[in-house]
Structure formats: structure tokens, C-alpha cells
Amino acid sequence: MPMGQNGQLIRTFSVFPQGKLEERKPFTVLFDEVAMNYILSAAQSSGGIVERRYTFLKRLCQVLCALGFQICSLLGSDIEVQVPVNLDKYMEALFAFTSHPSQFLKSSTQITWGNLFRHEILSKNPVVGQMAIKYLRAARINLVKTGFPSKNDCPGCEFSRVDFDSDEDFNCSFNSFRAQQGEAVRLACKIVPFEAFQIAREWVQYQILLLSVETKTEKGLCSALSLSAVQWDAMTFFTESVFGQLFKILEKEKIPIDEGIELLQMVVNYETRDPLILSCVLTIISTLFPFVTHQPHFLPQVLFKIFPSITFELVEECKGPRTRAVKNVRRHACSSILRICRDYSDFMLPCFDMMYEHAKGLFSNELLLTQMEKCALMEALILVSNQFKDYNKQKAFLKELIAPVTAQWLSEEMRSVLWDPATFLAYVGADQVISDLDTEDQMGINRSQISFCVNTILGVVKRARWPANPEEAKAGSFVVSTTSDGAPIYRNPCAEPLQALLPNLFALIRTQNSLFLPENINRLSKTFSRVYDIMDVEKNFALGIPQPVLDAYDSSAYRNIVERMQGFFSSLYDNCYQVLGNAGPCMQQDFYATEDLAEQIVGSAFIHLDSVPDHRLRDLSVFQLVMSCPYDYHDSLLCPLLGPLFAHLLQRLNFRWQIINQRTSLCTQEEDEAYEENHVTQEVVEEQLLRLVTREVMDLLSKFPLFFFSFFFLIIFFLGDQEMVSVDSSQGIQMNTPSDELSELGKCLLQSEDIYMTLLAICFNSLSWEDTINCQRSASVLCWTLLKQVLGCNLLPEAVTWLYTSVLKGLQMHGQHEGCNAALTQLALLIYESLRPRYAELRFIMNQIPDIHVEALEQFDQKTIQSTVSKAGEKKKKEQFKRLIAGTVGKPLGQQFKKEVHIRNLPSLFKKPKPTKDMLENTDTACLITLFSSDCDSC
């Protein structure tokens with residue numbers, strides 16, 4: 001069959017995963033012996049980069065993947081389908097694409113492999129087991145990042161130049177491919193765990209023993225894209241995927257302890273001064289650490305391997321800034337210690353004294369560690385100290401550990417800095433004019449001291465805890481009393497030392513919010529006038545710009561003074577709110593019982609929020625504070641906190657979204673052409689940030705325990721006229737029925753009329769914002785859940801009008817989207833059915849809908865008032881209502897500005913009349929041949 005016909009056939013089969021299961025069964029004919037032989041032969045045939053041939057292979061790969069989807073769907077279903085006899089040939093054909101040089105073809109098969117290895121029936125098939133081993137061995141090659149379009153170091157480069165526009169495009173695709181392959185590797189490990197162990201073990205051993213002479217930098221070190229570095233990186237990822245899965249699925253008795261310890265010993269003994277390789281070594285040590293728990297005597301060797309990497313330096317760097325690769329090694333070592341102490345704190349307890357003495361030696365030399373590295377080691381020590389299980393001992397240790405920070409934080413100098421914005425700016429050097437941005441930073445030490453204090457406090461509130469076992473906690477004096485229902489009330493050993501530090505923390509938060517006021521912005525020098533702007537990393541994240549593929553690990557990680565100042569303000573603001581959010585779950589009663597706590601938080605964390613930019617607003621973290629709040633403090637703390645916060649978010653997000661909407665409608669063509677590129681980019685960043693802020697608020701509130709089930713999807717905040725949604729003041733906010741949908745916190749908040757009004761206004765205004773996802777969530781869940789709490793009250797007619805109109809506005813904005821249309825239509829129907837018998841205003845609104853059928857409306861209205869519709873007619877009623885309000889549905893964006901063209905009095909084109917020849921009139925020609933003659937083509 002010609003190639004063109006092959007392509008047409010393949011295009012037909014490549015779309016067959018649709019339809020019901022019984023309709024898909026006939027496609028399993030492709031597993032026939034003859035068909036599968038042809039497919040296997042085509043898949044395994046070699047060839048260069050010929051366009052038609054390569055396109056054919058892509059189509060064939062689609063067919064194979066679709067076949068895999070079909071067989072996974074059919075096997076185990078109600079459809080009687082057996083495991084194909086030619087499953088081995090199918091998998092060989094699929095594997096041919098997995099091992100193809102083309103990165104595109106490799107990537108296309110990964111999801112199919114995952115489905116096959118995950119399938120309950122197929123995963124137990126011996127053919128799949130054998131192929132899993134083959135797949136794992138192929139992964140050792142596929143995980144190596146090679147094939148960049150700009151290079152010629154492997155056969156895949158030629159294919160990449162066809163499929164990818166740039167190295168960045170290839171890198172983005174490869175990262176996605178590696179994540180999918182990692183999942184497939186983990187699934188394959190479940191099928192052949194011991195074989196996977198041996199394959200990973202062999203690769204680690206081979207990589208350590210390999211004497212490579214690949215491309216290095218001028219300093220004799222690997223670059224990020226040199227062959228040694230990418231091989232080590234691939235091997236590390238593979239090892240993590242394999243061993244991380246093995247420790248989960250194998251019983252303790254079946255784990256090959258001796259071989260694992262031997263491998264770990266080999267890694268620990270491996271010496272290298274290359275920072276890229278050393279980072280991989282540290283990752284492998286962390287991955288293999290569970291073997292140490294079976295042979296504790298090996299623990300000191302592991303620690304002595306990791307600790308020197310915390311202070312890793314290259315000799316030639318002693319007098320210059322560290323490279324990114326070196327800083328990554330040090331961070332990696334700190335992270336490894338933290339991870340081990342977090343996951344195996346009880347196992348690390350015997351080594352606590354050794355670790356503490358070693359850490360104190362490092363702390364005594366200011367030049368050895370950065371402030372962040374100090375904080376990481378302190379957090380590791382705190383995690384291990386949680387295993388003391390003795391309140392007084394742990395409290396004494398924590399006091400000793402943070403004593404230097406306490407002294408500095410409570411000093412008169414620091415107090416004067418933290419409580420006054422002008423003094424704060426002068427202390428950090430933001431009011432100084434710097435002519436040379438690369439000059440020595442004189443005020444850097446001051447910023448470092450503030451950051452270190454805040455990071456230390458954050459580390460303590462995140463890590464210090466009481467024993468998880470109630471009996472151990474009680475024996476260790478961690479339990480102070482019990483609640484009314486008998487639940488223990490714990491005390492944290494860090495509570496007393498931290499309580500003394502809270503006033504200055506609140507002052508710092510208040511000062512940071514005050515920095516955005518105009519008078520304080522004017523205090524910034526010209527050099528630092530833009531240090532409050534969003535950082536490039538956050539901007540790229542908002543715009544969805546991937547990190548560039550730069551071989552910059554050998555370059556200096558140095559930042560100029562403006563970049564360091566900007567990073568200082570950004571991280572400090574975030575960390576302060578992180579401390580506030582973690583203080584509740586950490587200190588429990590000791591924190592919530594603080595005198596005037598609500599006033600202190602509102603007066604610091606929520607002050608001057610109107611001036612705080614959107615990218616800072618994302619740092620507001622009160623979820624943990626709310627979740628951990630005991631019931632006794634709901635009225636005294638949470639209502640005074642959440643009321644102002646909800647009100648601010650309502651006003652702020654509404655104002656921001658109005659600006660975005662008006663920007664589209666007011667911009668003329670001339671203004672668009674006059675925009676500079678950076679102006680347009682700034683507007684895009686602002687809009688994306690607003691979406692992120694809105695959705696993070698939604699995610700935050702979706703976790704609030706207001707509603708037991710409905711806040712799983714929850715809420716976005718937008719503005720509305722609160723007077724229009726107010727209820728009769730004589731009635732107040734009354735729950736019409738005791739609802740089991742409301743939690744204790746939900747009942748508490750909704751008893752406050754102001755908070756209820758804010759939430760109600762927020763939900764219904766969110767329906768008409770240009771955010772489809774948020775609209776659908778609010779319409780599906782929150783709007784009706786809130787509204788039905790007051791259906792039995794005497795709502796003002798204006799309020800009912802506003803509520804219903806808001807839903808119809810949502811349909812006008814989002815009705816062209818199927819999901820939103822369904823949710824909004826259902827919400828509108830619920831409101832109309834519930835409130836129409838009492839409020840004739842709803843009928844008046846319906847009359848104003850464009851192109852509404854008056855007689856149909858009258859019939860529907862009468863049925864609604866009389867409530868005569870049976871359950872059997874519910875579907876018909878919904879369809880009828882949907883047709884009634886169809887006139888509110890707006891046009892898609894692409895059709896909104898279409899200019900209609902109408903040409904009047906246009907003469908009609910001449911059309912040749914159709915022949916009226918009747919073939920049966922003439923018996924001489926009334927034959928079958930005449931019916932198909934060319935003369936009858938137009939009949």
C-alpha cells in the first residue's frame with residue numbers, strides 16, 4: 001500500500017479512543033497476527049530523518065498508544081476481552097518508539113507505559129514483567145539529557161531540530177518527559193522490584209568506577225551540560241525513583257540490606273571536588289539512608305561525609321564569590337541533614353550530642369556558614385530534640401540554642417529599628433545613594449542580622465513539637481489540661497522563649513506594611529526606588545516563562561546590591577507572615593491566649609493593606625492560624641480577624657478586576673499602537689498576578705472549616721453593593737434550619753451579619769468576573785450554600801433582584817462555556833423556584849431577557865408558583881428554563897467584536913435550472929446504464 005494511503009489509514013485509527021466500550025472492541029482486530037506483524041515491522045524499521053517517513057512514524061506511534069489505551073480500558077471491564085495473544089509483539093513495537101532517537105517519539109509512549117504497568121491485570125502478565133525489565137534498562141539511556149537542537153552530539157539532535165524551535169523548548173519538553181518516565185519507572189519497580197534494584201545498583205557502581213574524560217570547564221570541572229554531569233544527574237534521578245519505591249513496597253525482611261549497605265559504602269567512599277557531581281552524591285546518600293537504619297553503626301560515616309559538604313569551597317574561590325554550583329552543594333548538604341533529621345529523628349537521637357558540638361563549632365566562626373545555613377542546622381537539631389520527650393530538657397535546649405538571637409532581637413537598637421519605618425530604612429541602607437552597584441555592601445550585615453533573627457524564629461515555630469504519642473506527651477509533662485470533651489491540651493517547649501519575641505515581630509510586620517505608604521516610599525533613594533517591585537523569578541512564574549537552559553553553574557552567583565536589597569525585602573515579608581501562620585499550631589493555647597491578640601494582628605498584619613502590592617498580598621498566610629484555633633477563641637479571635645480580612649479582599653479584588661476589564665474596553669487602536677513593550681508586559685504581569693492572588697485566596701478559604709463539604713471548591717472574592725444584599729434588619733441573620741453543612745466555625749462566622757453580607761456579596765459578584773474556573777466553582781457550590789441559610793428570612797426585594805441579576809450577569813459573561821452555563825443555569829433555577837412565589841420582581845427580570853418567549857414564560861411561571869412539577873418532570877423543567885434564559889448568554893470573545901456586514905439589494909446569481917428529465921418516460925433508455933450516465937450527474 002502506498003505511503004499516502006498508509007497515512008490516511010493511520011489518521012483514521014489514531015482517533016479511535018472515543019465512544020462506548022462496546023464500540024471500541026472491534027479495534028482490537030489490530031492485535032491480529034498479520035496486522036501486528038506489519039505494525040512491528042514498520043515500528044522497528046530504521047531510517048534517517050526523511051519528513052514523510054518521520055511523519056508516518058509519529059502517526060503509527062499514536063495508533064500504538066491508542067491501542068494501549070483501548071486494551072487497558074477493555075480488560076477488566078464488563079466487555080469480554082482476553083489478553084491479546086500478540087501482546088509481546090505490541091509491546092516490542094511500543095518499545096521500538098521508546099528507544100528511538102527522537103525525543104518526541106520517546107515522550108509519546110510514556111503515558112502508555114504507565115497505563116500498562118499500572119493495570120491490575122496486565123501488570124501481572126509475564127510478558128509485561130519481562131518488558132518492564134527491558135524498559136528500566138532503556139530508561140538508563142533515555143534519562144540522559146542529550147539531543148539539544150543546537151548540538152550534534154547524538155542522533156537525536158537531528159530529530160530535535162525538526163520538533164523543537166530552541167534549546168529552551170527542548171528542555172521544557174524533556175523535563176516533562178523525565179517526570180512521566182519517573183512515574184513509569186516507579187510503577188515498573190512494583191512489578192519487578194529486585195530486578196529494578198540490581199539495575200539501579202549496577203548503574204551507580206558503573207558511574208562511580210567510570211574514569212571519564214568528558215568536556216570540562218577551564219577550571220577542570222564539569223559544566224552543567226557536559227556528559228559526566230548529565231549522566232550523573234540521570235543516574236541520580238533513576239536511583240531516587242527506584243529506591244524510593246522499593247522501601248515502600250518491600251517487606252522489611254525482603255529488602256536486600258547487605259547489598260544496599262555495600263552500595264552506600266561505595267558512595268560514601270567516593271571522593272570528588274566537582275560540585276555538580278558532589279550534589280548528586282549527596283542526593284544518593286539521602287536516598288540510600290534507609291539502609292543505615294538497619295545497621296546503625298554505619299551512621300557516623302554517613303554524617304562525616306555530609307557535614308564537610310556544608311562548608312564546601314573550591315580553593316580558587318576563597319577570595320571571590322561562590323559559584324552557583326558551590327552554593328548548591330552547601331544547600332544540598334544542609335537539606336540532606338534536615339531531611340534525615342526530619343524522617344529519622346528517633347534514629348538520630350544517639351548522635352545528637354555529636355551533632356550539637358559540631359554545629360556549635362561551625363557557629364563560632366562567622367565566616368564558615370551563611371545565615372541560611374546556620375538556620376538549617378538549627379532546624380535539624382530542633383527536629384532531633386523533639387525526641388527528648390522531656391519538656392524541661394527540651395525547653396532548656398531551645399533557650400540555649402536561640403539565646404544569641406533572643407539577645408539581639410530584644411536589644412534596644414533592634415527595637416528602635418523594628419518599630420519605626422524611617423529608622424528601619426536607614427538601618428538596612430535603603431535610603432543611601434549608591435553610584436557603583438558592585439561596591440561593597442556596608443549595610444549588608446544589618447540586613448543579615450534581621451533576616452537571621454526572623455528565620456530562626458520561623459525555624460523554631462515550624463520544627464519544635466511535643467511527642468505524637470499522648471502517653472509519652474503526658475509522661476514528659478507536655479500536657480497541661482484537657483478540653484471539655486477530654487482531648488489533651490499540649491504545651492510547646494518553645495512557647496515561653498518565643499512569647500517574649502512576639503511584640504517585636506508584630507512591630508516588624510506593621511513596619512513592613514507601612515513601607516508602602518507614600519511618605520515612606522519617598523524615603524527610598526534613587527538607587528533603591530524599585531526594590532519593592534516583583535522579582536524576576538516571580539514575574540516569570542506569573543507569565544509562565546520557563547527557566548532558561550544556561551550552562552551557568554560555573555558562573556558566579558553574585559548579585560548586585562539592588563538585587564540583594566530586593567531579595568531581602570521579599571523574603572523578609574514572606575517569612576514574617578509564615579511565622580504568624582505557624583505560631584498557632586506550634587504554640588497552641590499559649591499563643592491564642594495572648595492578651596489582645598486579635599487587636600495586635602489586625603494592627604500589624606492587616607494594617608495599610610490598601611498600599612501593599614498584589615505580589616506581597618500573596619504572602620498573607622492565616623490558614624494554619626485559623627485551622628488550629630480552639631473553639632473557645634472563635635468569637636474573641638477569628639471573627640475580629642476574618643471580618644476585616646474578608647472586607648478588604650472583597651474591596652481590593654473587585655477594584656483590581658474592574659481595572660482589568662476597563663483596560664480592554666477603553667483602549668483605542670491608537671493607544672494600543674502607542675504602548676511600549678514594557679508597558680504591555682507590565683499589564684500582563686499585573687493581570688496574571690491578580691489571577692494568582694484570587695485563586696490563592698480561593699484555595700486558602702477552600703480549606704477553612706466553614707462548610708463540611710462545600711468549601712472543598714470554594715470562593716473568590718469580588719465586590720458588590722452590600723446594601724443591596726442586606727436582609728431585613730428586624731429579622732437579623734437567622735439560620736432557617738440547623739444545617740449539618742455548617743461547622744462550628746461556619747456557624748460562628750455566619751452569626752455575624754457583616755461577615756455574612758461580605759461573603760454573600762463576594763460570591764455573587766464573582767459570577768460576572770472574567771475567570772471561568774472561579775465562576776464555575778462559586779456557582780456550583782458556595783452561592784447556594786450561603787443563600788439558603790436565609791431563605792426563610794424576609795429578604796428585601798432589592799436584595800432578591802440583585803442576587804438574581806448577578807447570576808444572569810454571570811451567564812452573559814461565561815454562558816458560552818459549557819461548565820459555567822450548567823452551573824449558573826442550575827443556580828438561577830434554584831433561586832427562581834425558591835423565591836419566585838414570594839417575590840414578583842423575579843418575573844419582572846425575566847421579562848427583560850432578550851428574545852424571551854412570553855407564553856412559555858407564563859406557563860413556567862405558573863408551574864413554579866403552584867409547585868406542580870413532579871420529580872419525573874425535573875429534567876424537562878430544567879431544559880425549559882434553560883431555553884427561557886438563553887437570551888442572556890453572551891457571545892464568545894472571538895465573536896464579541898465581529899463587525900456585521902449587510903449588503904442590500906444584491907442581485908441573485910444566475911443558477912442553471914435542474915433538468916427534469918424522467919428516465920422512465922422513454923422505455924428505450926430506461927435502463928440501469930442510463931441512470932449512471934454523465935448526463936445524469938446533475939440530477
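A cavity here is a set of points, on a 1 Å grid over the protein atoms alone, where a 1.4 Å probe fits but cannot get out, and its lining residues have an atom within 4 Å of a point. Volumes are the space filled by probe spheres set on the points, with grid points joined across faces, edges and corners.

Some ground rules. This is a predicted model, where local features need a pLDDT of at least 70 and side-chain atom pairs count only at pLDDT 80 or more, while totals for chains, interfaces and linings use all residues. Residues are numbered from 1 along each chain as its sequence is written, and side-chain values use heavy atoms, leaving out hydrogens and water.

**The cavities**

The structure holds four cavities of 30 Å³ or more. Take the second largest, with a volume of about 40 Å³. Its lining is made up of Gln512, Leu515, Phe516, Tyr532, Phe569, Tyr573 and Arg616. Sorted by class, that gives five nonpolar residues, one polar and one charged (Ala, Val, Leu, Ile, Met, Phe, Trp, Tyr, Cys and Pro count as nonpolar, Asp, Glu, Lys and Arg as charged, and the others, Gly among them, as polar).

**Two backbone oddities**

Most residues other than glycine have a negative phi. Gln588 goes the other way, with a positive phi, and so does His608. Helices in the table are DSSP runs (H or I, at least four residues), numbered from the N terminus. Partly exposed lies between buried (under 20% relative accessible area) and exposed (over 50%), using a 1.4 Å probe and protein chains only.

| Residue | Phi | Loop between | Relative accessible area |
|---|---|---|---|
| Gln588 | about 55 degrees | H29 (561-587) and H30 (589-592) | 22%, partly exposed |
| His608 | about 55 degrees | H31 (597-602) and H32 (614-617) | 30%, partly exposed |

**A helix residue**

Gln62 sits in helix H4, residues 51-74. Gln62 counts as partly exposed because its relative accessibility is 39%. Along the chain, Gln62 and Leu105 are 43 residues apart, and their C-alpha atoms are separated by 9.3 Å.

**How far to trust it**

The pLDDT is the predictor's confidence in each residue, from 0 to 100. The chain averages 82, and 81% of the residues score at least 70. Over residues 1-15 the pLDDT is below 50, and this stretch has 15 contacts in the model beyond near neighbours in sequence (a contact means heavy atoms within 4.5 Å). Residues 707-740 also stay under 50, with 115 contacts beyond four places in sequence. Where pLDDT is low, the predicted coordinates should not be read in detail.

Conventions. Helices (H or I, at least four residues) and strands (E, at least two) are DSSP runs, numbered from the N terminus. On a 1 Å grid over the protein atoms alone, a cavity is a set of points where a 1.4 Å probe fits but cannot get out, and a pocket is an open set with protein on both sides within 12 Å along at least five of seven lines; lining residues have an atom within 4 Å of a point.
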